[in-house]
Amino acid sequence: MSSSTSFTSPLLLGLALALVAALGGCEEDAPVCDTEAVGVLCTIAGNGENGYDLKADSTAIAALAAKMSLPQDTLTADDGTIYILDWNNHRLRRLTPEGTLEWVAGRGELGGSLDDPANGDFNHPTNIIFDPSGEKIIMAAWHNSKVRVIDRVTGTVVDACGDGKRAYFGDEGPALTASLDLPASLAYDPAGNLVIMDQANQVLRYVDASDQIHHLAGRCVVDAPAPAGPGPCDAPVQCPDGPNGPSGKLACGDPAVECAKPCTPGYSGDDIPATEMRMSQPFGQSASPAGRILFDPAGNLYFADTANHLIRMIDTDGIVRRIAGKAPVDGVPQSGYSGDGGPAVDALLNFPVDLALADDGTLFFTDVRNNCVRSIGADGIIATAVGRCGEKGYEGDFGPPEEALLSLPFGIEWVDGRLLIADTGNSVIRSVRLR
């Protein structure tokens with residue numbers, strides 16, 4: 001980093017703006033980061049402090065003075081409004097073009113347990129997209145184990161998929177009575193089906209126009225054998241219902257012997273039918289959000305195979321391909337940082353999560369535990385786009401993105417030549433125009 005480059009903390013910037021306002025001074029005296037300048041990184045929301053402002057649910061506050069808690073994702077509307085998933089505050093908020101942060105939905109109350117969430121609240125939502133009309137926001141309500149829909153005009157929240165049980169149940173039936181386990185990401189396919197990364201179930205599923213849910217790709221395999229069971233199985237059975245209703249648990253073998261097995265992460269290779277593939281997404285109560293998805297204009301489905309440290313793609317023929325990262329060796333995932341300037345399939349990644357596709361075909365992804373955003377060009381060459389991979393921190397505003405420091409950036413969005421970054425560990429949203 002050049003000693004002549006000026007870097008300003010968003011926390012200090014927010015405090016400076018607040019002080020100017022309190023003293024009745026001129027805001028033009030405060031430093032302003034030019035978000036339209038090509039190659040300049042700016043913080044656009046959050047003061048760098050993990051938390052939530054009192055009364056923020058009813059008051060619009062200056063975005064750079066606001067507190068957030070581990071934001072996960074952004075979604076930009078045609079009018080420039082940026083919706084933000086304030087993950088650990090369990091809220092949906094929006095950044096207006098005027099630079100204020102407003103509450104949209106979610107009371108910040110978890111409500112119930114992870115297996116029995118209250119209907120009126122969000123529990124660690126991870127991903128948002130617009131429906132085809134643009135009038136509604138579709139949310140992966142991760143710890144609710146549901147897909148939820150927010151009306152942008154009325155603010156009404158309704159369920160679209162999932163019964164709230166953390167389990168795998170319901171394929172070929174109604175989406176609302178199916179069970180999901182940590183639905184992490186959403187995307188519409190070219191036919192208008194809603195595709196869901198069912199993270200802890202290690203599968204991709206989709207909801208059709210008739211609101212029926214179907215298996216798309218991946219396999220729920222129970223690797224750990226029951227004490228008296230037959231060993232690994234591809235078709236685990238549902239355990240019996242208990243006094244509180246359906247158990248939602250799976251068994252490999254006799255459910256009377258063992259009834260608490262998850263869908264086990266794995267890797268079965270690439271260049272095979274996607275229905276036969278296995279992936280490795282984090283699971284369990286201590287899991288991190290993972291495995292986000294997107295479709296390219298040709299209809300290919302890209303996804304982050306997060307715990308295998310890979311970016312993979314299911315082509316329109318239904319074959320899974322490895323796009324970035326080294327394949328596991330003898331079942332052991334390969335992680336680290338290497339490969340910039342060479343083929344992406346020879347590089348090492350460390351916990352990739354989110355994806356964004358530029359107009360020229362460049363694929364960006366968050367390399368979360370490397371604390372950077374990397375890119376894969378149309379030629380398959382990997383590079384670092386934002387951050388100094390392998391270094392963690394908070395600096396770089398007003399300067400070039402490759403000299404900045406990020407902290408666990410989970411989310412990215414490409415919007416008309418600009419990359420928005422949910423700099424999760426720093427509790428801010430940052431922006432850099434690259435085109």
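Colleague: What makes Gly-134 stand out in the hairpin of β9 and β10?

Modeller: Gly-134 takes a positive phi near 80 degrees, in a hairpin with 5 residues between the strands. Keep in mind that this is a predicted model.

Colleague: How do you know that β9 and β10 pair?

Modeller: Two strands count as paired if there are at least two bridges between them. Here 4 bridges join β9 to β10, so they pair, and they run antiparallel. Asn-127 stands opposite Ala-140 in β10.

Colleague: What makes you say both faces of β9 are covered?

Modeller: In a regular strand the side chains alternate between the two faces of the sheet. In β9, Asn-127 and Ile-129 are on one side, Ile-128 and Phe-130 on the other, and all of them are buried.

Colleague: Why is the pair of Tyr-83 and Phe-130 called edge-to-face?

Modeller: Ring centres have to lie within 6.5 Å to make a pair, and planes over 60 degrees apart count as edge-to-face. The structure holds 3 aromatic pairs. In the one of Tyr-83 and Phe-130 the centres are 6.3 Å apart and the planes are at 85 degrees, so edge-to-face is the right name. Tyr-83 belongs to strand β4 and Phe-130 to strand β9, so the pair ties together parts that are 47 residues apart in sequence.

Colleague: Why is Tyr-83 called buried?

Modeller: Buried means under 20% relative accessible area. Tyr-83 has 4%, so it counts as buried.

Colleague: And why is the pair of Trp-87 and Trp-142 called tilted?

Modeller: Those centres are 6.1 Å apart, with the planes at 50 degrees. Stacked needs under 30 degrees and edge-to-face over 60, so this pair is tilted. Trp-87 is in the loop between β4 and β5, Trp-142 in the loop between β10 and β11, so the pair ties together parts that are 55 residues apart in sequence. Trp-87 and Trp-142 are both buried.

Colleague: How do you know that Cys-33 and Cys-42 form a disulfide?

Modeller: The sulfur atoms must be within 2.5 Å. Theirs are 2.1 Å apart, so the pair qualifies. The angle about the S-S bond is -80 degrees, and the link is left-handed. Cys-33 is at 12% relative accessibility and Cys-42 at 0%, so each counts as buried.

Colleague: What makes Cys-220 and Cys-263 a link between distant parts of the chain?

Modeller: Cys-220 is in the loop between β17 and β18, Cys-263 in the loop between β19 and β20, and they are 43 residues apart. The S to S distance is 2.0 Å. Both Cys-220 and Cys-263 are buried.

Colleague: Is the link of Cys-372 and Cys-389 left-handed or right-handed?

Modeller: Right-handed, with 95 degrees about the S-S bond. Cys-372 lies in strand β27 and Cys-389 in the loop between β28 and β29, so the disulfide ties together parts that are 17 residues apart in sequence. A search of the whole structure finds 3 disulfides.

Colleague: What makes β1 and β29 edge strands?

Modeller: Each pairs on one side only. The open sheet has 4 strands in the order β1-β31-β30-β29, with antiparallel pairing, and its twist averages 25 degrees from one strand to the next. Within that order, β30 and β31 pair over 6 bridges.

Colleague: How do you know that the charged end of Arg-91 sits over the ring of Tyr-52?

Modeller: The distance limit is 6 Å from the ring centre, and the charged end of Arg-91 is 3.8 Å from the centre of the Tyr-52 ring. The charged end of Arg-369 sits over the ring of Phe-351, at 3.8 Å from its centre.

Note on methods: Residues numbered from 1 in each chain as written. Predicted model: local features only at pLDDT ≥ 70, side-chain atom pairs only at ≥ 80, totals over all residues. Heavy atoms only, no water. Phe/Tyr/Trp six-rings, centres within 6.5 Å; stacked < 30°, edge-to-face > 60°. Helix = DSSP H or I, 4+ residues; strand = E, 2+ residues; numbered from the N terminus. Buried < 20%, exposed > 50% of the residue type's maximum accessible area, 1.4 Å probe, protein only. Lys NZ or Arg CZ within 6 Å of the ring centre and 35° of its normal. Axes fitted to C-alpha atoms, helices over the stretch in contact; angles between N-to-C directions.
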